[in-house]
Structures are given as structure tokens and as C-alpha cells.
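Take a look at the chain below before reading on. The text then walks through it, from the overall fold to single side chains.

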Amino acid sequence: MDAGLLVLRLLAGLLIAGHGVQKVSFHLGGKGLAGGTEEFRHDGFRGGRLTAVVAGGSQIGAGLFLAAGLLTPLAAMAAMGVMTVAGTVKWPKGLWVQNDGYEYPLVLVVVSVALSLTGPGRWSVDHALGLTPWPLWLVLAAIVLGPTSGLLTRAVLHRTATAPSAPSAPEGAPRAQAAD
């Protein structure tokens, strides 16, 4: 069981961290901080550069802590938060990743939930420090707060799309009739 948890932690954690590296650098196929900033703007988020730095840093930190099995429920909570935001961006495209859907972020959220519930295993920093098992109330709080923080982040930072208003006609000008 410990070997399986180690493999799961390493794979999921390093993928999440790598996702963050792409947001803030040219490594791993990233487009640098300017590219990460533009990605967030394109996806309708406010905050520009700061949003890219915080998101990228959160993904890097959460991923590395998760991979190491360090403060596992808190690392998983942060991973759930950032991947929930990613899922909301992809939600309109449906589930499947071949359509740029939310399948991948959903899998990473569920893996983070599972690691919170099972704990990181014996081959982890948490175990070496004597931090396991984590109290159930803390694990459940992390599972609720992770996705909730992602949804709140989306609500606060995402611009609502508004249709451009048509210029108003000068006073006394004839108005166009609506087509049926």
C-alpha cells in the first residue's frame, strides 16, 4: 500500500507542480510569466501578472508538498483549489479532455481527495515527522475548503462577459425594428 501511495503522490504532485512551472516560466513547455498572464486574461480572469504568479506558485507548492507527503491535507487542499479553478475554465467544453474538457483537473482533484483520506503512507515526510494520521476533522475541512476556495477564486477574479452595447441613435432618429 505504501508503494502505491508513493507512486500516486509522486505522479499527481509532480504533474500539478509542473503545471505551475508552465504558468511562470519557459520550462516544461511554458510560455513564461507573460504567457501565463495572457492565458489567465484569455480565460477571463482579472489580476494579470499577480494572478499568474499566485496560481503558478500555488500549483508548484501544492504539487511539491503533495509529492513529498508533507502537510498532506493542506497540500491536497491547495491542489484541489487550483485544479477546481482549472476545471471551471474547461467546464463549458464538457468532460472529455480531447475536447479540452475538465477531465484532467477533475482527476487531479479526486486524487487529492483520495490522498487526504488515505494519508500519504509510510514513505512520506509526514510519517517521518510523526504527523500521521491526520485528524479526520482536518482532512474533511481540507476536502471541503479546497474546492470551495477554487470556486470563490473563480467568482472573485473572473470577469463576467457582457455584450457590447449598441451605440444609441441620436434623438429623433428612426429606430430599427427587431427581426422576428
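What follows goes from the fold to the interior, then to the surface and the charged pairs.

This is a predicted model. The protein chain has seven helices and zero strands. From the N terminus, the order of elements reads α-α-α-α-α-α-α. The chain has 180 residues, and 37% of them count as buried. Among contacts with a separation of 6 or more, 65% join residues 24 or more positions apart.

Now go inside. The largest nonpolar core has 20 residues. Five helices each give two or more residues to this core: α1, α3, α4, α5 and α7. Helix α4 supplies the largest share, with seven residues. Some core members stand out for having the most contacts inside the core: Ile-16, Leu-66, Ala-79, Met-80, Met-83, Leu-108 and Leu-115.

Ile-16 is a good residue to click on. Which residues does Ile-16 touch, leaving aside those up to four places away in sequence? They are Gln-59, Gly-63, Leu-66, Ala-79, Leu-108 and Ser-112. Leu-66, Ala-79 and Leu-108 are also on the list of core residues with the most contacts.

A second core lies apart from the 20-residue one. This other core has six residues, including Phe-45, Ala-52, Ala-55 and Val-85.

Next, the outside. The accessible surface of the protein chain is about 10,600 Å². Carbon and sulfur atoms account for 69% of that surface. One nonpolar surface patch covers about 700 Å². Its residues are Leu-10, Leu-14, Leu-64, Phe-65, Leu-71, Leu-74, Val-125, Leu-129 and Leu-131. Helices α1 and α3 (48-68) are the elements that give two or more residues to the patch.

Leu-129 is one of the patch residues. Where does Leu-129 lie? It sits in the loop between α6 (125-128) and α7 (136-157). Leu-129 counts as exposed because its relative accessibility is 55%, and exposed means over 50%.

Last come the charged pairs. The structure holds four salt bridges. One of them joins Lys-23 and Glu-39, with the closest N and O atoms 3.3 Å apart. Lys-23 belongs to helix α1 (residues 2-24) and Glu-39 to helix α2 (residues 32-42), so this bridge ties together parts that are 16 residues apart in sequence. Are the two partners buried or exposed? Lys-23 is buried, at a relative accessible area of 6%. Glu-39 is partly exposed, at 36%. The cut-off explains the split: Lys-23 falls under 20%, so it counts as buried, whereas Glu-39 lies between 20% and 50%.

Another salt bridge joins Lys-90 and Asp-100, with the closest N and O atoms 2.6 Å apart. Lys-90 is in helix α4 (residues 72-90), while Asp-100 is in the loop between α4 and α5 (103-118). The two are 10 residues apart, and the pair links distant parts of the chain. Both are partly exposed: Lys-90 has a relative accessibility of 24%, and Asp-100 has 33%.

Asp-100 has a further partner. Its side chain also meets that of Lys-93 in a salt bridge, at 2.9 Å from N to O. Lys-93 is partly exposed, with 44% relative accessibility. Through shared partners, Lys-90, Lys-93 and Asp-100 are joined into one network.

Terms used:
Residues are numbered from 1 along each chain as its sequence is written. This is a predicted model: local features need pLDDT of at least 70, side-chain atom pairs count only at pLDDT 80 or more; totals for chains, interfaces and linings use all residues. Side-chain values use heavy atoms; hydrogens and water are left out. Helices (H or I, at least four residues) and strands (E, at least two) are DSSP runs, numbered from the N terminus. Buried means under 20% relative accessible area, exposed over 50%, partly exposed in between (1.4 Å probe, protein chains only). Contact means heavy atoms within 4.5 Å. Accessible areas come from the Shrake-Rupley method with a 1.4 Å probe; for residues, only the protein chains shown count as cover. Patches are made of residues with over 30% relative accessible area and no salt bridge: like charges are joined within 9 Å, nonpolar side chains (Val, Leu, Ile, Met, Phe, Trp, Tyr) within 5 Å. A nonpolar core is a set of buried Ala, Val, Leu, Ile, Met, Phe, Trp, Tyr and Cys residues joined through side-chain atoms within 4.5 Å.
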